[in-house]
Amino acid sequence: MEIRLYQPSDLKEVMDLFYENVHTVCVNDYTKEQLDAWAPKEANIYHWETSLIKNHTLVVVADDHIVGFGNIGQTGYLDRLYVDCHYLHKGVGTLILDNLEKYAGVKGNTYMNTQASITSKPFFEARGYTCIEKQIVERRGVRLRRYLMEKKIK
């Protein structure tokens, strides 16, 4: 596996990975309506492109394709962390998160936080994140359960 910075040519593959992850990995924790609101088939390409370039975004490549990606903003907010369903429990998410936590520390952040899904909450807890509050967020008029989680990194 190789970890590297996101490149604009990765956009379609990253967006496809996100859609597939949400609609396969999270299927036991959310309804079809919730999954479609969270990850619609026709996503806003401009929004994705802008966000991935603006934030510190990493991708993991294995077998000649992207198998995971994640990004973090300047304030230490972990915006995304998604892994191809065929590469779960193989260290991809850990590799990405380790590198994003190092980046946050170099940027002077003492904490990282994220809004974890029901599905990803155990992963973050195992990595030392604590739940600050349960949240209900709205995506395209549909309500979703999330958890605001935080970890001290310094």
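Q: Before we look at the loop with aspartate 64, what counts as a helix or a strand here?
A: Helices (H or I, at least four residues) and strands (E, at least two) are DSSP runs, numbered from the N terminus. This is a predicted model, where local features need pLDDT of at least 70, side-chain atom pairs count only at pLDDT 80 or more, and totals for chains, interfaces and linings use all residues. Residues are numbered from 1 along each chain as its sequence is written, and side-chain values use heavy atoms, with hydrogens and water left out.

Q: OK, so where is aspartate 64?
A: Aspartate 64 sits in the loop between E2 and E3. Aspartate 63 is in the loop between strand E2 (56-62) and strand E3 (65-72) too.

Q: What's phi like for those two?
A: Phi is near 50 degrees for aspartate 63 and near 65 degrees for aspartate 64. Both values are positive, in residues other than glycine.

Q: And what do most residues do?
A: Most residues other than glycine have a negative phi.

Q: Is aspartate 64 buried or exposed?
A: Exposed, at 79% relative accessibility. Buried means under 20% relative accessible area, exposed over 50%, and partly exposed in between (1.4 Å probe, protein chains only). Aspartate 63 is exposed as well, at 60%.

Q: Switching topic: where's glutamine 135?
A: In strand E6, residues 130-139. Glutamine 135 counts as buried because its relative accessible area is 14%.

Q: Which residues does glutamine 135 touch?
A: Leaving out residues up to four places away in sequence, glutamine 135 touches Gln115, Leu144, Arg145, Arg146 and Leu148. Contact means heavy atoms within 4.5 Å.
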